[in-house]
Amino acid sequence: MAPGGFLRAVTPLAAFRSRTAEQPQSPLRVLVVDDELLYAEAISVLLDMNDGIDVVGIAADGRAAVEQAEMLRPDLVLMDIQMPRLDGIAATRRIRRRLPGTQVVIMTAVAGDEHVEQARAAGASGYVRKFGPSGDLLSAIEHAAA
(Lines give C-alpha, C1' and ligand atoms only; values in the text may rest on other atoms or scores of the structure.)
Protein backbone atom coordinates (compact mmCIF):
# COMPACT_ATOMS: atom_id res chain seq x y z
CA MET A 1 0.00 0.00 0.00
CA ALA A 2 1.41 3.39 -0.96
CA PRO A 3 2.04 5.99 1.75
CA GLY A 4 -0.41 8.85 1.79
CA GLY A 5 -3.55 7.04 0.74
CA PHE A 6 -5.38 3.80 0.34
CA LEU A 7 -4.70 3.53 -3.37
CA ARG A 8 -1.64 5.54 -4.37
CA ALA A 9 0.38 8.62 -3.59
CA VAL A 10 -0.06 11.74 -5.72
CA THR A 11 1.92 14.94 -6.19
CA PRO A 12 1.52 17.37 -3.28
CA LEU A 13 -1.32 19.82 -3.73
CA ALA A 14 -0.77 20.36 -7.45
CA ALA A 15 -4.51 20.78 -7.96
CA PHE A 16 -4.78 23.44 -5.25
CA ARG A 17 -1.77 25.40 -6.49
CA SER A 18 -3.03 25.60 -10.07
CA ARG A 19 -5.82 28.05 -9.31
CA THR A 20 -6.41 30.70 -11.97
CA ALA A 21 -8.29 34.00 -12.06
CA GLU A 22 -10.73 32.45 -14.53
CA GLN A 23 -11.50 29.53 -12.20
CA PRO A 24 -11.27 30.70 -8.59
CA GLN A 25 -11.64 27.84 -6.12
CA SER A 26 -12.57 27.94 -2.49
CA PRO A 27 -9.80 26.78 -0.19
CA LEU A 28 -10.04 23.28 1.25
CA ARG A 29 -11.33 23.70 4.81
CA VAL A 30 -9.43 21.39 7.18
CA LEU A 31 -9.95 20.44 10.83
CA VAL A 32 -6.80 19.07 12.52
CA VAL A 33 -7.34 16.57 15.34
CA ASP A 34 -4.53 15.38 17.62
CA ASP A 35 -4.21 15.07 21.38
CA GLU A 36 -0.63 16.40 21.17
CA LEU A 37 -1.39 20.13 20.90
CA LEU A 38 2.10 21.11 19.74
CA TYR A 39 1.91 18.54 16.93
CA ALA A 40 -1.58 19.72 15.90
CA GLU A 41 -0.41 23.35 15.86
CA ALA A 42 2.67 22.45 13.81
CA ILE A 43 0.54 20.58 11.27
CA SER A 44 -1.81 23.56 11.12
CA VAL A 45 1.05 25.95 10.37
CA LEU A 46 2.38 23.62 7.66
CA LEU A 47 -1.05 23.34 6.03
CA ASP A 48 -1.78 27.08 6.25
CA MET A 49 1.41 27.73 4.26
CA ASN A 50 -0.15 25.98 1.25
CA ASP A 51 -2.37 27.78 -1.23
CA GLY A 52 -5.78 26.23 -1.30
CA ILE A 53 -5.87 25.04 2.32
CA ASP A 54 -7.52 26.83 5.23
CA VAL A 55 -7.23 25.25 8.69
CA VAL A 56 -10.56 26.06 10.33
CA GLY A 57 -9.96 24.44 13.71
CA ILE A 58 -7.99 22.17 16.02
CA ALA A 59 -9.46 19.52 18.31
CA ALA A 60 -7.62 17.55 21.01
CA ASP A 61 -9.79 14.42 21.23
CA GLY A 62 -12.39 12.48 19.28
CA ARG A 63 -15.45 13.94 20.98
CA ALA A 64 -14.24 17.49 20.38
CA ALA A 65 -13.50 16.50 16.77
CA VAL A 66 -17.09 15.37 16.19
CA GLU A 67 -18.49 18.51 17.85
CA GLN A 68 -16.21 20.85 15.89
CA ALA A 69 -16.85 19.02 12.63
CA GLU A 70 -20.60 19.46 13.08
CA MET A 71 -20.14 23.15 13.90
CA LEU A 72 -17.44 24.06 11.35
CA ARG A 73 -18.43 21.71 8.48
CA PRO A 74 -14.87 21.20 7.18
CA ASP A 75 -14.19 19.60 3.81
CA LEU A 76 -11.58 17.34 5.39
CA VAL A 77 -10.62 16.18 8.88
CA LEU A 78 -7.03 15.18 9.56
CA MET A 79 -7.55 12.71 12.43
CA ASP A 80 -5.09 11.11 14.84
CA ILE A 81 -5.99 7.47 15.42
CA GLN A 82 -5.12 7.21 19.15
CA MET A 83 -6.76 9.82 21.39
CA PRO A 84 -8.52 10.11 24.73
CA ARG A 85 -12.31 10.21 25.24
CA LEU A 86 -13.05 8.88 21.73
CA ASP A 87 -10.46 7.32 19.45
CA GLY A 88 -9.93 8.37 15.85
CA ILE A 89 -11.70 5.34 14.37
CA ALA A 90 -14.92 5.92 16.35
CA ALA A 91 -14.76 9.67 15.70
CA THR A 92 -14.29 9.03 11.96
CA ARG A 93 -17.31 6.75 11.93
CA ARG A 94 -19.46 9.42 13.62
CA ILE A 95 -18.25 12.25 11.40
CA ARG A 96 -18.79 10.29 8.20
CA ARG A 97 -22.27 9.24 9.34
CA ARG A 98 -23.30 12.80 10.28
CA LEU A 99 -21.36 14.65 7.54
CA PRO A 100 -21.05 12.31 4.55
CA GLY A 101 -19.45 15.04 2.42
CA THR A 102 -16.57 15.51 4.86
CA GLN A 103 -13.51 13.42 4.07
CA VAL A 104 -11.26 12.03 6.82
CA VAL A 105 -7.56 11.25 6.59
CA ILE A 106 -6.23 9.19 9.48
CA MET A 107 -2.81 9.96 10.96
CA THR A 108 -1.16 6.99 12.63
CA ALA A 109 2.10 6.47 14.48
CA VAL A 110 1.26 2.77 14.80
CA ALA A 111 2.62 0.42 12.16
CA GLY A 112 0.31 -2.29 10.94
CA ASP A 113 -2.42 -2.85 8.42
CA GLU A 114 -5.07 -3.63 11.08
CA HIS A 115 -5.47 0.05 11.97
CA VAL A 116 -5.54 1.04 8.32
CA GLU A 117 -8.29 -1.48 7.60
CA GLN A 118 -10.29 -0.26 10.62
CA ALA A 119 -9.93 3.32 9.38
CA ARG A 120 -11.12 2.35 5.92
CA ALA A 121 -14.10 0.45 7.38
CA ALA A 122 -15.00 3.55 9.45
CA GLY A 123 -15.13 5.65 6.27
CA ALA A 124 -11.67 7.25 6.15
CA SER A 125 -10.54 8.36 2.69
CA GLY A 126 -6.87 7.81 3.38
CA TYR A 127 -4.14 7.57 5.93
CA VAL A 128 -0.67 8.92 6.53
CA ARG A 129 2.15 7.89 8.85
CA LYS A 130 2.32 10.52 11.57
CA PHE A 131 6.08 10.96 11.57
CA GLY A 132 6.70 10.70 7.84
CA PRO A 133 7.73 13.46 5.44
CA SER A 134 5.44 16.46 4.99
CA GLY A 135 5.03 15.55 1.32
CA ASP A 136 3.24 12.35 2.36
CA LEU A 137 0.80 14.36 4.46
CA LEU A 138 0.09 16.80 1.65
CA SER A 139 -0.32 13.93 -0.83
CA ALA A 140 -2.81 12.16 1.45
CA ILE A 141 -4.84 15.35 1.78
CA GLU A 142 -4.85 15.96 -1.96
CA HIS A 143 -5.81 12.36 -2.68
CA ALA A 144 -8.72 12.48 -0.21
CA ALA A 145 -9.92 15.85 -1.53
CA ALA A 146 -9.91 14.72 -5.17
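In this predicted model, Thr-92 touches Met-79, Val-104, Ile-106, Ala-122, Gly-123 and Ala-124, leaving aside residues up to four places away in sequence. Thr-92 sits in helix H4, and with a relative accessibility of 0% it counts as buried. The cut-off here is simple: a residue is called buried when its relative accessible area is under 20%.

Helix H4, which spans residues 88-98, also has a part to play at the surface. A patch of positive charge gathers there from Arg-63, Arg-93, Arg-94 and Arg-97. Helix H4 gives the most to this patch, with 3 residues. Arg-63, another member of the patch, belongs to helix H3, which covers residues 62-72. At 42% relative accessibility, Arg-63 is partly exposed, since that label covers whatever falls between the 20% limit for buried and the 50% limit for exposed.

Turning to paired charges, the structure has 5 salt bridges. One of them joins Glu-70 to Arg-98, with 3.1 Å between the closest N and O atoms. Because Glu-70 lies in helix H3 and Arg-98 in helix H4, this pair ties together parts of the chain that are 28 residues apart in sequence. Glu-70 is partly exposed, at a relative accessible area of 34%, and Arg-98 is also partly exposed, at 44%.

Another salt bridge runs between Asp-80 and Lys-130, where the closest N and O atoms are 3.2 Å apart. Here, too, distant parts of the chain are linked: Asp-80 is in strand E3 (residues 76-80), while Lys-130 is in the loop between strand E5 (126-129) and helix H6 (134-145), 50 residues apart. Both Asp-80 and Lys-130 are buried.

Helix H5 has a salt bridge of its own. The side chains of Arg-120 and Glu-117 meet there, with an N to O distance of 3.4 Å. Both residues belong to helix H5 (residues 113-122) and are 3 residues apart, or about one turn of the helix. Arg-120 is partly exposed, its relative accessible area being 33%, and Glu-117 is partly exposed as well, at 40%. Elsewhere, salt bridges with shared partners connect Asp-34, Asp-80 and Lys-130 into one network.

The backbone has a couple of curious spots too. Most residues other than glycine have a negative phi. Arg-73 is not a glycine, yet its phi is positive, at about 50 degrees. This arginine is placed in the loop between H3 and E3. With a relative accessible area of 51%, Arg-73 counts as exposed, because the label applies to values over 50%. Arg-85 also has a positive phi without being a glycine, in this case about 65 degrees. Arg-85 is found in the loop between E3 and H4.

Taken one element at a time, the picture goes like this. Helix H4 holds the buried Thr-92 and gives the most residues to the positive patch. Helix H3 holds Arg-63, and the salt bridge from Glu-70 to Arg-98 ties helix H3 to helix H4. Strand E3 holds Asp-80, whose partner Lys-130 is in the loop between strand E5 and helix H6.

Note on methods:
Residues numbered from 1 in each chain as written. Predicted model: local features only at pLDDT ≥ 70, side-chain atom pairs only at ≥ 80, totals over all residues. Heavy atoms only, no water. Patch = residues over 30% accessible without salt bridge, like charges linked within 9 Å, V, L, I, M, F, W, Y side chains within 5 Å. Areas by Shrake-Rupley, 256 points an atom, 1.4 Å probe, with all protein chains shown as cover. Salt bridge = Lys/Arg side-chain N within 4 Å of Asp/Glu carboxyl O. Lys, Arg positive; Asp, Glu negative; His and termini not counted. Charge placed at Lys NZ, Arg CZ, Asp CG, Glu CD. Helix = DSSP H or I, 4+ residues; strand = E, 2+ residues; numbered from the N terminus. Buried < 20%, exposed > 50% of the residue type's maximum accessible area, 1.4 Å probe, protein only. Contact = heavy atoms within 4.5 Å.
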